[in-house]
Amino acid sequence: MHDIRAIRADPDAFDRAMERRGLTPSAAEITGFDAETRATQTTVQALLAERNEIGKKVGQAKRAGEDTAALEARGRAVAAEIASAEAALPAQQAQVLGLLESLPNILDADVPDGPDETANVVLHTHGEPARFNHPAREHFEIGEALGLMDFATAAKISGSRFVVLKGALARLERALGQWMLDLHTGEHGYTEHVVPLLVNDATMYGTGQLPKFAEDLFATTDGRFLIPTAEVPLTNLVRDQILAPADLPIRAAALSPCFRSEAGSAGRDTRGMLRQHQFTKVEMVSVVAPDASDAEHERMTQCAERVLTELGLTWRRVFLCAGDTGFSAARTYDLEVWLPGQKAWREISSCSNTRDFQARRMKARVKIGKDNLLVHTLNGSGVAVGRALIAVLETHQDAEGGVTVPEVLRPYMGGLERIARG
RNA sequence: GGAUGGGUGGCCGAGCGGUCGAAGGCGCACGCCUGGAAAGUGUGUAUACGUGAAAGCGUAUCGUGGGUUCGAAUCCCACCCCAUCCGCCA
């Protein structure tokens, strides 16, 4: 959501910002509707003031025992004027709001220009792509050969883009989630949360999924939605709140299932568990004062990077370009892991600073002195568990079809050092 | 699903259709008192929009949306949510 006053103050800057996103300029349209709306509002408010004045006089006259018929008649006349004057208002307000809430966030100045992921900029790389003395297999080949990853049965139960994990792989999934959450809560200052997976429309609106991206969500028959990420409930913890400075920063983390319809991605990543309707993710959310979000963004990204490093994975940090940055984000760093089997870098975490974009939708503020300032909100995966499992399988596979368990996970795996068939 | 009660400011909690943006208390801020503190005491303390250079002025907001009325926190209707009890259930 955008600040209409900022657009009024500098419509050209707003148009340039939207052009970076590949959108046609709309500031003139917005400010035009806004001017109409305010003109109507001013007229209506003057009439309301008159009505209130008459109402007061009626009250005084009645107490004094005077005749009020003439005043009441005037009141009725003004009421009729109000009704006709304000008739246009709801539609006018909806026009302005509709534009403001459907346009993406303004990008930071240093976000690289570019239309799509090919223009993203690699900032740094950790480790070398693994080399094997045997053919590197993809995660689903490894998992199916182990007899612990079953897509056919999942398809029978639910359809495509689901998986059944068994035995050591099921436990590996659990171990990854547990260990990551323990790391962030134990060493990175995040507070563990268990949050609703089913949320209402106001919550989805707060983080920007609604009204524009309803088709990406699963909706329930009673009007709720399955969360596509724990970012949604975690960020909405501060919705409609005025916080004290001492409340900040808020750092919240959760391990949760995520549900995505994947509408529009038909045919992409159909093999394996890279792109599923349901997956597990550890999510980090920070709520900070406006001047603190840059440092927090860097900090949060490093928290996610540490996860990948400790799992012995090869990864790189990518600065998303204008065309690849999500709707609510002002800037985003993706972390990509190298998948030796697929021989490709794949996204495993995404850390975004939304600045006040979500806070304005949520009316989440902090009282600093006399002012109520919108907070800044940030979110980052720390990291996607399903994709981490893929990366561990492909990175730590061996010639016999086994997989070495990263040391940090062994306490969570009952001491198991290697996953093997049998 | 059935029954009952209830949604008022940062929190608790009053509120006869007009003088109610709303008593009182708590909390908070500033001052007085004190060697310092506590206690006591005084003053102040909602949000949003419009308008204005500013001070200010205006408007809206008592769960949401409608209605009655010159005028609604207060009356009427619908809906939402919460609590408690019963039933069902992990």
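1. Partly exposed here means a relative accessible area between the buried limit, under 20%, and the exposed limit, over 50%. Arginine 418, at 35% relative accessibility, is therefore counted as partly exposed. The model under discussion is a predicted one, and the points below should be read with that in mind.

2. Arginine 418 forms a salt bridge with aspartate 398, and the closest N and O atoms of the pair are 2.7 Å apart. The arginine sits in strand S17 (residues 418-419) and the aspartate in the loop between helix H13 (385-395) and strand S16 (403-404), so the bridge ties together parts that are 20 residues apart in sequence. Aspartate 398 has 17% relative accessibility and counts as buried, whereas arginine 418 is partly exposed.

3. What is the count of salt bridges in the model? It comes to 23. Side chains of opposite charge can pair when their charged atoms come close. Some of the bridges join into a network, which links Asp108, Asp110, Asp294, Arg331 and Arg355.

4. A bridge within one helix is formed by arginine 38 and aspartate 34, with 3.3 Å between the closest N and O atoms. Both residues belong to helix H3 and are 4 residues apart, about one turn of the helix. An α-helix has 3.6 residues a turn, so residues three or four places apart point the same way. The two partners are not equally covered: aspartate 34 is buried at 6% relative accessibility, while arginine 38 is partly exposed at 37%.

5. Glutamate 72 forms a salt bridge with lysine 62, the closest N and O atoms being 3.5 Å apart. Because glutamate 72 is in helix H4 and lysine 62 in helix H3, this pair ties together parts that are 10 residues apart in sequence. Lysine 62 is exposed, with a relative accessible area of 53%, and glutamate 72 is partly exposed, with 29%.

6. Lysine 62 also faces the RNA: a polar atom of its side chain is 3.2 Å from a base nitrogen of RNA strand B. Two further side chains reach phosphate oxygens of RNA strand B. Arginine 8 does so with an N or O atom at 3.1 Å, and asparagine 52 with a polar atom at 3.1 Å. The elements giving two or more residues to the surface near RNA strand B are helix H1 (4-9), helix H3 (27-63), helix H4 (69-85) and strand S13 (365-368).

7. Which helix or strand gives the largest share of the surface near RNA strand B? Helix H3 does, with 13 residues. There are 22 residues around RNA strand B, and those that come nearest are Gln41, Gly55, Arg76, Lys367 and Asn372. Of the RNA atoms that come within 4 Å of the protein, 67% belong to sugar and phosphate. Sorted by class, this surface has 10 charged, 8 polar and 4 nonpolar residues.

8. Helix H8 covers residues 167-187, which makes 21 residues. From first C-alpha to last it reaches 30 Å, close to the 30 Å expected at 1.5 Å a residue. Its buried residues include Leu169, Leu172, Leu176, Trp179, Met180 and Leu183, and also Glu173 and His184. Just after H8, glycine 189 takes a positive phi of about 80°.

9. Is asparagine 379 buried or exposed? At 8% relative accessibility, asparagine 379 counts as buried. This residue is in strand S15 (residues 376-384), and its side chain makes a polar contact of 3.4 Å with that of glutamate 231. Beyond its neighbours within four places in sequence, asparagine 379 is in contact with residues including Glu283, Met300, Cys351, Thr354 and Gln358.

10. Two cis peptide bonds deserve a look. One runs from leucine 210 to proline 211, with omega near 5°, and proline 211 is in the loop between helix H9 (201-207) and strand S6 (225-226). Another runs from leucine 248 to proline 249, with omega near -5°, and proline 249 is in the loop between strand S7 (242-243) and strand S8 (250-259).

11. Positive phi values also turn up at residues that are not glycine. Aspartate 240 has a phi of about 60° and is found in the loop between helix H10 (231-235) and S7. Lysine 343 has a phi of about 55° and lies in the loop between strand S11 (331-339) and strand S12 (344-353). Lysine 343 is exposed, with a relative accessible area of 56%.

Key:
Residues are numbered from 1 along each chain as its sequence is written. Chains are lettered from A and ligands numbered from 1 in the order in which they are written. This is a predicted model: local features need pLDDT of at least 70, side-chain atom pairs count only at pLDDT 80 or more; totals for chains, interfaces and linings use all residues. Side-chain values use heavy atoms; hydrogens and water are left out. The expected span of a helix is 1.5 Å times one less than its number of residues. Buried means under 20% relative accessible area, exposed over 50%, partly exposed in between (1.4 Å probe, protein chains only). A residue is near a molecule or strand if one of its heavy atoms lies within 4 Å of it. A polar contact is a pair of N or O atoms within 3.5 Å; within protein, one must be able to donate a hydrogen and the other to accept it, and residues adjacent in sequence count only if both atoms are side-chain atoms. Ala, Val, Leu, Ile, Met, Phe, Trp, Tyr, Cys and Pro count as nonpolar, Asp, Glu, Lys and Arg as charged, and the others, Gly among them, as polar. A salt bridge is a side-chain nitrogen of Lys or Arg within 4 Å of a carboxyl oxygen of Asp or Glu. Contact means heavy atoms within 4.5 Å.
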